[in-house]
Amino acid sequence: MTARLFWMGWLFHVKTLTNSLFFVLVSVLQPIIFASIAFFMVESGNQAGTLLYVALGAGLMGIWSATLFGSGGAIQWQRWQGTLELLVGAPPPFVAVLLPLTVATSTIGIYSVVATLAWGRLFFGMPLDFAHPLQLAVALPTTVLSLGMLGLLLASTFVLYRNANAFSNLLEYPVWLATGLLVPLTLLPGWVAPIGWVLSPTWGMRAIRQAAFGGNAWPEIALCVGLGIAYVALGALALRNFERLARSRATLSLT
Amino acid sequence: MRVFFVGGGISYRALFNWIQPGMYVATMLGSPLFQILFFTYLGRYAGSQDDAFYIVGNAMQVAAMAGIYGMTMGIANERQYGTLQPLLATPANRLAIFSGRALPFIANGIAVSVFGFAVSWLLLDFRPAEGSVPALAVAIVITTSSCVALGMLIGSIGLRARDVFFGANLVYFLMLLVCGVNVALDDLPGWLAAIGRCLPLTHGIEAAREIASGAALGDVAGLLGTEALIGLAYATAAYVLFRVFEAEGRRRASLETY
């Protein structure tokens with residue numbers, strides 16, 4: 001029952017999000033633009049030969065953006081469409097209804113990785129040589145899944161705030177920085193790195209780079225899984241509390 | 001004059017009345033701050049230019065956030081929220097209605113840009129050449145006004161297009177690539193650089209960089225003049241489109257039809 005709910009919900013939301021022009025922008029065009037900027041910057045600087053590094057980073061930036069805007073905005077969109085009460089009032093736990101949605105938002109982020117790799121290959125002659133394809137095949141979906149679970153935690157904190165989607169605009173760049181997606185953490189002040197340790201994109205990015213450039217990605221993959229489980233546990237807890245508060249304050253459907 | 005000032009002011013307040021001050025700060029100040037930090041650190045990693053290149057480029061470009069998103073919404077939201085028909089039913093001067101909406105966004109864009117330079121001074125040790133601040137202020141005012149003109153054009157298209165915000169987002173991000181914000185025009189393919197030279201921001205950023213490194217206002221008069229002319233061209237095109245779509249909307253009874 002739960003597996004079917006997850007599968008059908010995930011499929012429905014992947015299709016819905018794929019039809020949204022906004023998500024085409026966030027998960028395809030924006031990563032391509034950012035990848036192009038980074039490609040030109042590293043090519044004209046002293047980091048030539050790091051195009052694949054940049055393409056993977058820009059791809060993961062797209063996954064984060066899709067998760068952030070998708071998970072943050074999902075609750076608000078359900079509010080605007082008047083379906084939030086129906087979802088909260090449905091027999092399955094709200095967390096079981098919401099998780100497929102947040103995982104779907106990170107799933108469409110895969111378009112970002114495909115788009116930036118294809119863009120780099122076609123227009124910048126970037127070689128697509130991956131050291132450990134098997135590890136990459138595990139690292140990428142694990143990263144996407146853990147980001148979807150992080151999305152659940154975000155969504156559970158956004159559910160009570162009517163203008164929470166405005167926070168999404170604020171959180172995009174800082175997480176790109178703190179998780180070292182494009183800029184190595186060694187260049188940033190020392191206090192930034194510990195912030196990244198609790199964010200799964202940090203470990204997902206490291207796993208994908210280990211798999212692509214050579215190294216052992218399994219410890220980072222395990223960390224992604226561990227963090228994902230923690231996000232779901234925290235998200236479920238927070239969601240139950242927020243749901244209770246929203247019901248008692250009657251703020252669930254206020255826009 | 002009343003339509004110009006009061007109408008523009010009300011339109012601006014209507015845009016932000018739904019948002020709390022904290023949200024305004026997060027969107028209009030927080031996001032630009034992190035954009036500047038992100039590209040400056042990325043620039044340090046790439047090693048192609050010095051910090052000032054990215055700071056000036058991005059501190060000028062963040063004005064486009066108010067200019068493009070704000071101005072687009074300032075016009076296109078009239079249609080989305082169903083206020084376009086009553087607005088166009090009034091006998092008020094169209095030029096005053098249209099241009100009055102721009103003024104608050106120009107002020108907002110200037111404030112965001114100044115904030116960008118201030119935090120760069122504070123956090124990134126950005127130090128423009130001594131005595132360059134007044135000339136830099138002139139560059140900011142002209143460039144922000146040009147960006148608002150581009151926002152007016154997109155907003156006017158929003159009187160007809162179904163999803164104008166997709167266009168506004170796309171233009172905003174493309175400006176990061178083609179306007180010399182983070183990549184010098186010489187490092188771009190010729191056709192991309194040519195697109196950038198036809199857009200607002202490009203010449204303004206170039207002028208601001210020269211000013212920040214010590215050039216006098218007179219030295220960059222040509223660049224700033226070009227920037228102003230580009231802005232004027234976009235504003236004219238925007239107003240013409242506004243009038244055309246108004247006339248078409250009346251003729252076909254499709255003012256608020258999507």
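**Notebook: the A/B interface and two positive phi values**

I looked up the interface first: chain B and chain A bury about 3,300 Å² between them, with carbon and sulfur atoms giving 79% (buried area is the accessible area, 1.4 Å probe, that two parts lose on being put together, summed over both). This is a predicted model, in which local features need pLDDT of at least 70 and side-chain atom pairs count only at pLDDT 80 or more, while totals for chains, interfaces and linings use all residues. Residues are numbered from 1 along each chain as its sequence is written, and side-chain values use heavy atoms, without hydrogens and water.

I counted zero salt bridges between chain B and chain A (side-chain nitrogen of Lys or Arg within 4 Å of a carboxyl oxygen of Asp or Glu). On the side of chain B that touches chain A, α2(B) gives the largest share, 16 residues (helices are DSSP runs of H or I, at least four residues, numbered from the N terminus). I found 36 residues of chain B in contact with 35 of chain A (heavy atoms within 4.5 Å).

I then checked B:Leu42, which touches A:Ala38, A:Met41, A:Leu182 and A:Val183, leaving out residues up to four places away in sequence.

Last, I looked at backbone angles. B:Asp125 is not a glycine, yet its phi is positive, near 60 degrees. I place B:Asp125 in the loop between α7 (102–123) and α8 (133–157) of chain B. B:Asp125 counts as exposed because its relative accessibility is 58% (exposed is over 50%, buried under 20%, partly exposed in between; 1.4 Å probe, protein chains only). B:Leu201 also has a positive phi, about 95 degrees, but counts as buried because its relative accessibility is 0%.

Key
Chains are lettered from A and ligands numbered from 1 in the order in which they are written. Helices (H or I, at least four residues) and strands (E, at least two) are DSSP runs, numbered from the N terminus.
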